[in-house]
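Student: I've just opened this one and I'm new to it. Can we go through how its labels are earned?

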Amino acid sequence: MVKRELLKREDFIKSKAFNEIAKGMECINLQTLVEFLEKCLFCPKREELEAILRRVDHEGKQKINYDEFCEVTSVNGENMNG
């Protein structure tokens with residue numbers, strides 16, 4: 001549901017969102033994820049964030065690369081580009 005709403009927004013561009021969270025780095029790590037979420041006034045527990053990383057990170061490096069980010073922000077594999 002949330003993914004569909006996000007994708008309906010005309011101003012959502014995956015590459016821009018990824019770069020904002022990753023701070024221009026190749027991957028989103030735990031620290032950049034925490035900083036982004038705190039900036040958005042959302043403060044989940046560290047254990048919750050680690051669980052998210054484990055679920056999304058297919059390589060097991062505790063980092064989210066752009067392809068993994070696109071996968072998690074897509075609905076049924078749609079909209080992988082952008």
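Tutor: Sure. Let's start with a term we'll need: a polar contact is a pair of N or O atoms within 3.5 Å, where one must be able to donate a hydrogen and the other to accept it. Keep in mind that this is a predicted model.

Student: What makes the pair N65 and E59 a polar contact?

Tutor: The side chains of N65 and E59 come to 3.5 Å. The cut-off is within 3.5 Å, so the pair counts. The side chain of N65 also has a polar atom 3.1 Å from the backbone nitrogen of D67.

Student: Where is N65, and why is it called buried?

Tutor: N65 sits in strand β2, residues 63-65. Its relative accessibility is 16%, and buried means under 20%, so N65 is buried.

Student: Which residues does N65 touch, leaving out those up to four places away in sequence?

Tutor: They are F18, E26, C27 and E59.

Student: What about A17: why is that one called buried?

Tutor: Same kind of reasoning. A17 has a relative accessible area of 18%; the limit is under 20%, so A17 is buried. You'll find A17 in helix α2, residues 14-22. The C-alpha atoms of A17 and F69 are 9.5 Å apart, with their positions 52 residues apart along the chain.

Student: Why is A51 called partly exposed?

Tutor: A51 is in helix α4, with a relative accessibility of 34%. Buried is under 20% and exposed is over 50%, so a value in between makes A51 partly exposed. From the C-alpha atom of A51 to that of Q62 is 9.8 Å, and the two are 11 residues apart along the chain.

Student: And Q62: what makes it partly exposed?

Tutor: Its 47% relative accessibility falls in between 20% and 50%, so Q62 is partly exposed. Q62 belongs to the loop between α4 and β2.

Student: Why is L41 called exposed?

Tutor: L41 has a relative accessible area of 78%. Exposed means over 50%, so L41 qualifies. L41 lies in the loop between α3 (30-39) and α4 (46-56).

Student: What makes the phi of L41 and the phi of Q62 worth a look?

Tutor: Start with the background: most residues other than glycine have a negative phi. L41 is not a glycine, and its phi is near 65°, a positive value. Q62 isn't a glycine either, and its phi is about 55°, also positive.

Student: How much space lies in the largest pocket, and which residues are closest to its centre?

Tutor: The largest pocket holds about 490 Å³. It is lined by 16 residues, and those closest to the centre are I21, L33, F36, L37 and F69. Two or more lining residues come from each of α2, α3, α4 and α5 (66-72).

Student: How do you know what classes the lining of the largest pocket has?

Tutor: Each lining residue is sorted by type: Leu, Ile and Phe, for example, count as nonpolar. The result is 14 nonpolar, 1 polar and 1 charged residues.

Student: Now the whole chain. How many helices and strands are there, and in what order do they run?

Tutor: The protein chain has 5 helices and 2 strands, running α-α-β-α-α-β-α from the N terminus. Of its 82 residues, 32% count as buried. The chain exposes about 6100 Å², and carbon and sulfur atoms supply 52% of that.

Key
Residues numbered from 1 in each chain as written. Predicted model: local features only at pLDDT ≥ 70, side-chain atom pairs only at ≥ 80, totals over all residues. Heavy atoms only, no water. Helix = DSSP H or I, 4+ residues; strand = E, 2+ residues; numbered from the N terminus. Buried < 20%, exposed > 50% of the residue type's maximum accessible area, 1.4 Å probe, protein only. Areas by Shrake-Rupley, 256 points an atom, 1.4 Å probe, with all protein chains shown as cover. Contact = heavy atoms within 4.5 Å. 1 Å grid on protein atoms, 1.4 Å probe; cavity = no way out; pocket = protein on both sides within 12 Å on 5 of 7 lines; lining within 4 Å. Points joined across faces, edges and corners; volume = space filled by probe spheres on them.
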